[in-house]
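Student: Could we take a close look at just one part of this model? I'd like to go through the place where the two chains come together.

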Amino acid sequence: MAFADEFRTTREEAATDTAGEAAFVERYPFESRWIRYCFAVAFAALAGGGLFGVVQALHRTGIYRGLISSADYYTVLTAHGVLMVLVFTTFFIAGLFLWANTSSLDRGVPSEGVTKLWFGLMFVGTLLAATAILGGFTDLIPASADVLFTFYAPLQAHPIFYIGAALIVVGSWIAGANYFRTFFAWRKDHPDERIPLQSFMVLVTMLMWYIATLGVATEVVVFLIPWSLGFIDTVDPLLTRTLFWFFGHPVVYFWLMPAYLVWYTILPKLSGGQLFSDGLARIVFVLFLLLSTPVGFHHQYVDPGIPEGFKFVAMTNTMFLLLPSLLTAFTVVASMEHGARQRGGSGYVGWLRALPWGNPAFSGSALAGLMFAAGGFSGMINAGMNINYLIHNTLWVPGHFHLTVGTAFALTAMAISYWLVPQVTGRRLGLRSVAAVQPYTWFIGMLLMSNAMHRAGLAGVPRRTAEPYQYQGAEIVYESAFGSISGIRVQIAVGSVLLFVALLMFLAVMWDTYMNTRGGDIGVSGEIPPALSGPEHSPKVLDNLWLWTAIAVVLVVLAYGLPLSAMLQDGVLSPGSPGFPVSLGSLWPF
Amino acid sequence: MEIHRFEKVWVGASVLLIVGFIATITYGAVGAGVTMVNDSGGTVDPTTLNQHPEFSDPGVRQVGEDHYAVYIVAQQFIFNPGTGTPIELPAGSTVTFYVTSSDVVHGFNVVGTNVNTMVIPGQVAKVTAEFPAEPKNYGIVCHEYCGSGHHEMAGNLRTVPPAEFSLDGASAVPDVDGRADIDGGER
């Protein structure tokens, strides 16, 4: 957004934090600029994704259908999904990680060109995918990609959709390589030191990401791109689905681990204290690296063609994946309590009142964590193999992930932006009173919407459907155990509107911040206090990244070796399906 | 490495919870006998279903005394059979569904029951269910996005008193033993 620099004002003095030290933007102007660009793309995607979200919620609940046709609903749904979980998340994480790695190693990127390269790849990828998706609305763009963010073959999108998605992933790989290069350079100067915690979290998350994305990269590059271009005639729908879900579960940890980074390293400080245990934080991240990938079959519990034994193994792995999250719940709450007591809080629960609930960076992160606990338990139902029959592909599932990626990640990202954006822009946070209530607005909206979605799912209402309540030519009756179906529909619609309002509030705060004068006291401090129990108290082997990576790879081979080779027995491309291109041919209604 | 006493208790409780969850699921699989959709349905060539011995003529077959098989082809945007004319089955019978797709990925969910499977071209989803003795009309929905008409893809399944049940093109009335079995009580 360099264009705006000309008409905005800058103070003579440099931007400083509350302690009078030079702000991050003064120390790392290059990194700050690219973090701002990442955030700009992320927030634009959030705005678009949010608009599509509310349009879609009003349509499928039947509260207001004037904006789109039911055929266009799937274009809207694809755009909502891709913008939110592919573009918003990946760009925000790229920016957050660039800040966390730079700041914790106190070292800039080794190469500016590489930074521009990964950003450019991700940006071009986003434009390509977005063009293909928006082509679903209009015949003016000769492309279409109404395949939703899971793009299951043999529904076939335009090649530029797959190419765009691949570029975003490749860009994120190069971004990760740059974090590692910064780390290696730091290591040369600090041969015997423990890896600083934030950098450790960034690196472990990226290692997990490299393993996970092998699945989707193979699916897209080896199968879907050649198939959509006509170089191969058929693909095996079960094989491509399996490769997708190889990636599709760890990707949720790719969203979650950055939120954990915030909860572990920044939230305790915002609470007024320090992290409880550095070592436990490292153990949690290592567990995620080990267990995130060999669980993908739990998304395929009701897929034919996969033996039950593999599903059972995935189930047990998934249940153990609860452990790092339960450990996190303890450490984060303990750190918050420590902070509250430093601020004068007392009593068994009375200390909660001493927390800075008026600071949106704190309240947003804490509310996101609280909601994640609820999401974790609804996730246990999804993970419960045979219990999953009851809710598979019902509205329960999006109800669940709006608590996880839609709040644990998204609300944490918005909350921490209130703290981080001043540091990378050198401008004080704007519209503070709006910011102070924004996390609560999101929380209430999500409470209404997600709770109602869970109950609708229990009654059997399917997900991903434009008109779930009025099938023509079939008599579908949903028997709701908790509340009436009509009440559920209203709550989903009202919740979605509140969420959209909260989103607009966030964007207004960001815009106002961006318009503030640069320089002077930015009102926050990026200083992270050390943990109560520091890294010196934990075993050094925790920092042995190669060891953990090797074990993670072995676990993946154990979980996927046999089932994948069984699928390949009858030939890589068979049983083969030709493509069914999505072409709605509908017209933009305006 | 020093771990706080409270934290040790918490870790212990967490592991117990996880083991408890796994035990619950294991009981469901072994004790209650809830089997998962698996690879036992085999594979088919989705482009030549019209030459398949069963899927070329989808519908209901009797395969045991009160055990029926239903072959269903899911395609954009109907279940054949199911959409338009309801699938009719005797109440209280055991039914094995064989569902496959002639085009894209679909879903097959008998609403409010755990008959819930993905329908993937090339694979046959095989699901066995026991229907209650009380006759009832069930809805069937496609729960996986399958194209612009996805929201139209639904159907019905009706269980009728065994005495009123007849197989099209087969014996008009199920044999007496079958009926006796159904009346005989719990399965």
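How much area is buried between chain A and chain B, and what percentage of that area do carbon and sulfur atoms give?

Tutor: Happy to. Keep in mind that this is a predicted model. The area buried between chain A and chain B comes to about 5,700 Å², and carbon and sulfur atoms give 69% of that. On the chain A side, the residues that lose the most area to chain B are A:P304, A:F330 and A:Y389, which together make up 13% of what that side buries. If you count residues instead of area, 74 residues of chain A are in contact with 66 residues of chain B.

Now for the polar side of the story. Between chain A and chain B there are 21 residue pairs in polar contact, counting pairs where both residues have pLDDT of 80 or more. Which parts of chain A do the touching? The helices α7 (237-248), α10 (278-291), α11 (308-320), α12 (322-342) and α13 (360-383) of chain A each give two or more residues to the side that touches chain B. Sort the residues of that side by kind and you get 47 nonpolar, 17 polar and 10 charged.

What about the charged ones? Side chains of opposite charge can pair when their charged atoms come close. The rule finds 2 salt bridges across the interface of chain A and chain B, while the count over all chains is 12. Try finding B:E144 and A:R464 on your screen: their side chains meet in a salt bridge, at 2.7 Å from N to O.

Stay with that pair for a moment, since B:E144 and A:R464 also turn up in the lining of a cavity. Rolling a probe the size of a water molecule over the atoms shows where empty space is left. A search of the whole structure finds 5 cavities of 30 Å³ or more, and the one we're after is the second largest, with about 60 Å³ of space. From chain A, the lining has A:V147, A:L148, A:T150, A:Y152, A:L155 and A:R464. From chain B come B:V104, B:V105, B:E144 and B:Y145. By kind, that lining divides into 7 nonpolar residues, 1 polar and 2 charged.

For a comparison, look at the largest cavity, which holds about 610 Å³ of space. It has 35 lining residues, and the closest to its centre are A:G53, A:Q56, A:H80, A:H402 and A:M449. Helices α2 (29-60), α3 (73-105), α14 (396-425), α15 (432-458) and α16 (485-515) of chain A each give two or more residues to this lining. The largest share, 8 residues, comes from α2(A). Sorted by kind, the lining of the largest cavity has 23 nonpolar, 9 polar and 3 charged residues.

One last link takes us back to the interface. Helix α10 of chain A, which gives residues to the side that touches chain B, also gives two or more residues to the lining of the second largest pocket. That pocket has a volume of about 790 Å³. It is lined by 38 residues, with A:S104, A:G526, A:E527, A:I528 and A:P529 nearest its centre. Here the lining divides into 18 nonpolar, 10 polar and 10 charged residues.

Methods. Residues numbered from 1 in each chain as written. Chains lettered and ligands numbered in written order. Predicted model: local features only at pLDDT ≥ 70, side-chain atom pairs only at ≥ 80, totals over all residues. Heavy atoms only, no water. Contact = heavy atoms within 4.5 Å. Buried area = accessible area lost by both parts, 1.4 Å probe. Salt bridge = Lys/Arg side-chain N within 4 Å of Asp/Glu carboxyl O. Polar contact = N/O pair within 3.5 Å; in protein donor to acceptor, adjacent residues only side chain to side chain. Helix = DSSP H or I, 4+ residues; strand = E, 2+ residues; numbered from the N terminus. Nonpolar A, V, L, I, M, F, W, Y, C, P; charged D, E, K, R; others polar. 1 Å grid on protein atoms, 1.4 Å probe; cavity = no way out; pocket = protein on both sides within 12 Å on 5 of 7 lines; lining within 4 Å. Points joined across faces, edges and corners; volume = space filled by probe spheres on them.
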